[in-house]
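Here are my notes on the model, set out as numbered points. Please read them with the structure open beside you.

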Amino acid sequence: MPPKKRNSGTTQIKEVKSAESVSPNKKECPELSFKKHRDKDAEFVTLCKSLHVTDVVCDHTWSLGKSLQEFMDEIADSQRRVWGACLFVSGIDLDVASFTVTQVLKAVNLNVKQFVALVKKLDVNMNTISTKVHSALTRLENKYDALLALYQRFEKTCRKIFAMAPDNPEWEALRSCWTMFLLAKGRALQKEDDLVIPFQLLLCTLELFIKRCPPDLLQPLYKSAISKFQSPPTRTSRRSQSKAKSRPLEPEVDLQLLKTLSNENDCNGEEVKNVYQTSFLAFLETLDLSRSPDFPQAKDLNQQYEDHYLKSRDIDGRLFFDGDETVLPSKVEILQEEKTPKKNLPDEEVLVPPQTPIRTAMTSILQLRGDLTSNGDQPSNNLIQYFKNCTVDPTQDVLKRLETIGQEFSRQFGEAVGPHCVGLGWQRFKLGTRLYYKIMEAMLKSEEKRLSVQNFSKLLNDAKFHTSLLACALEVVMATYRESSWRTGGYNHVGAGDPVETHLCFPWILDVVHLPAFDFYKVIESFIKAEPTLSKDIVKHLETCENLIMERIAWRAGSPLFELLKQEHGGGAADQVETPASISQPLQHNHTAADLYLSPVRPGRDLPPETPATPTSQTSSQPLNQPAGHTPRLPKSNSLSLFYKKLYRLAYTRLQLLCSYLLSSHPELEPIIWTLFQHTLQHEHELMRDRHLDQLMMSAMYAICKVKSVDLRFKTIVTAYKNMANTSQETFKHVLITEGHYDSIIVFYNLVFMQKLKTNILQYASTRPPTLSPIPQIPRSPYKFPNSPLRVPGSNNVYISPLKSSRMSPGIMTPRSKMLVSIGESFGLPNRFQKINQMVNSGDRSFKRSLDPSSAPKPLKRLRFDVDGQDEADSSKSGRDSTLILKLAEMSSTRNRMQEQKMKEDAESKKE
């Protein structure tokens, strides 16, 4: 945690506080008149005057505060603090820059987290807090979380570098280092809530400071890390300006020192070097320090950051170094932050490091890079062979597509992150390219095994397949670097206007590669199955991407989803999008990306009898000999059918959760609401155009409660809805009414939903209501199996899971495990085998066996893994069963050899 306040920095702290009393635009803000506002509370006017607010902001805040008076018991805070929160809201809504966040925090004596929680409490009605204020509040909270994590890591790193304690007067010199980092971050980077690039920038700042620091203040590791030709300055030389000027110019970067910093902090050295040579050197040029032997004056840095802070109207990051109460987390938050997994027993060697946000990010990046070590920037020999086996070789198209997308990706990455970050964008793209090639090869091997073919010409010449696969690989890379995360809460909602800040959150990547979300969804499940080393966080991230596509992104105007639905409903499709009977059936996960991209035709049972079907993934069927005047029935789309199956399960899961919050005393209403909800999605899908799935869900709930005379208001619904995961206030505050016009969920219900479904809704109040829709089966997520530990049958406390990477620390891989055995690696102390034997033998089943010495030993169960990675316990019941299994295995082996021989003969005949 940040250190307590120290007296050594009194002068600079006074400078900061005196500057904070100045308004960002004081010259533009006329003095507030007590006479003009004598009708208002004197304490309120005094607060406004201290923050230099304008008359307009004062009046707006007073009106907002008065409207909240009846809810003060619900808000449960002091009047002065509520006024401070209202001033923040008014300043954002009116876009008047008269005070900073830190100034408000100090005026009402709250820290950042407490203030954010208070502002959220003000949203007592759906129109109290605007979406603009909510976005600004989310941005503030995320920026604070990032700064806190960076400062905590800065303090820990400095303790490892410098041979001095925080209470040492020399420690105060590090204030300039922290201030310089804040200034560099503010000028060089645009993405405020990022962790990885700012941390790399922090290492660059430390490199600059270390090589200008007297050697007697450095720990031995860093004293020896400074290059031999680099002569560290002495204290006397720093006091003598003339001697400092006479010293020869230093190299721009000490590569050895930078490498040591990178290695000690689990960073990739090339990436840190890239940040130094682009973003950091460009920043130093603005200070005229790129080749200066001296560290900048603290007063100059302080003044430049002061200007930046006042202009941004944000948090004063210097207060972290002071341990100021406005930026200190509460004791509960500190305990949660410093909470570590269970540590090993005292006699064990491996200790589990604390999983802080930055350490977690660095570990994920190391794992991704390690998994791709053996993969190059070019296709492997196996992949090249697949390309050559195609009727039309796709190699040139693949390479050209990569070059085009790579240039666009790096350009837009630079625009989003910082003007000098295009090179970092190329590094991210190269990682994504390696992952793209790796997954493609794994998919093709799986398809070859499934179909016994080697010519995938149609799939490998499908541009949408390649673009989707590449986009998914790039999304995984950015999510690993924490650049595409859901913390921002600011993924741009349909029609919600421009985001508060440029970010890389999904679906940013779809806009870069110009890919419809409906096409992207087809590759997600196959991607996860093809890469079992993906971390749980990344799998969860991709699952969230899929949910976002189903609930809103795929329903944007212009999406190919609407064309498919048009064919299904109005173009003579063979059947409904999804029959009611199929809703309750288990969701099968035996489809592949090739099925969804190339085989929009279902098996022959879905086609009319006179239409022959070719059930292969390489060909499509066409109706033959249709009677004259008969409209051909179009085949059903595999991708659309799967989309709706998943959509129904997502919709019912969210509805079930919302009903558990609101209608636990009326369980009979849930299936009725689901019937209306499902009917809307199937027959009135135009209501989803440029809208959100949850908007229809909340409207259906309100409608059924209305006709069933259950008192449930929209205010109650949205209050419960805000407690659900991955929700945004814009969903119920910013709903499309007509083209270009948006309003609240209430207006949408009255003017759109009710008008469209009035007849259907009223049927539920009659004596003969519609037949209830089947309830979807909600299976275990198909995306969780690659990483879930599997229990060994017959044991209550022994689990196994695949080893992802031999280079990872066991403590990092399994932070909560009591013991880890990694075959092929150093095992540690010899008594661990004894402990494992004791653990296994302590199971209840083994104990019961030991009580009955006369009982014959039973054969142990074997653990089998099926294709999808799930486990199944299968006991050997008899020798006859074992013989049968061996015979089947022999037959399978013989068949495989015959197929391989036939393929070789076919290949030789083609050559001849």
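**Notes on helix packing and aromatic pairs**

1. In this predicted model, the axes of helix H32 (residues 669-683) and helix H36 come within 12 Å and cross at roughly 120°. H32 and H36 are therefore oblique to each other, and their crossing is right-handed.

2. On the H32 side, Leu676, His679 and Thr680 take part in the meeting of these helices, and on the H36 side Phe753, Leu757, Asn760 and Ile761 do so. Sorted by class, the residues of the contact of H32 with H36 are four nonpolar and three polar, with no charged residues.

3. A second helix pair to look at is H3 (residues 55-67) with H5 (residues 79-94), whose axes come within 9 Å and cross at roughly 125°. That angle makes H3 oblique to H5, and the crossing of H3 and H5 is right-handed.

4. The contact draws on Val56, Val57, His60, Thr61, Trp62, Leu64 and Gly65 from H3, and on Trp83, Cys86, Leu87, Val89, Ser90 and Leu94 from H5. Nine of the residues in the contact of H3 with H5 are nonpolar and four are polar, while no charged residue takes part.

5. Turning to aromatic residues, the structure holds 39 aromatic pairs. In one of them, the ring centres of Tyr436 and Tyr437 are 5.3 Å apart and the ring planes stand at 40°, so the pair is tilted; both Tyr436 and Tyr437 are buried.

6. Another aromatic pair, formed by Tyr702 and Tyr749, is edge-to-face, with 4.9 Å centre to centre and 80° between the planes. This pair links distant parts of the chain, since Tyr702 lies in helix H33 (residues 693-707) and Tyr749 in helix H36 (residues 745-763), 47 residues apart. Both Tyr702 and Tyr749 are buried.

7. It is also worth locating the aromatic cluster that is formed by Phe518, Tyr521, Trp555, Phe562, Phe643, Tyr644, Tyr648, Tyr652, Trp674 and Phe677.

8. For the chain as a whole, the secondary structure comes to 40 helices and six strands, and buried residues make up 49% of the 912 residues. Which share of the contacts between residues at least 6 apart in sequence joins residues at least 24 apart? In this chain that share is 74%.

Definitions and conventions
Residues numbered from 1 in each chain as written. Predicted model: local features only at pLDDT ≥ 70, side-chain atom pairs only at ≥ 80, totals over all residues. Heavy atoms only, no water. Axes fitted to C-alpha atoms, helices over the stretch in contact; angles between N-to-C directions. Helix = DSSP H or I, 4+ residues; strand = E, 2+ residues; numbered from the N terminus. Parallel < 35°, antiparallel > 145°, perpendicular 65-115°, else oblique. Left-handed = near helix turned anticlockwise from the far one by under 90°. Contact = heavy atoms within 4.5 Å. Nonpolar A, V, L, I, M, F, W, Y, C, P; charged D, E, K, R; others polar. Phe/Tyr/Trp six-rings, centres within 6.5 Å; stacked < 30°, edge-to-face > 60°. Buried < 20%, exposed > 50% of the residue type's maximum accessible area, 1.4 Å probe, protein only.
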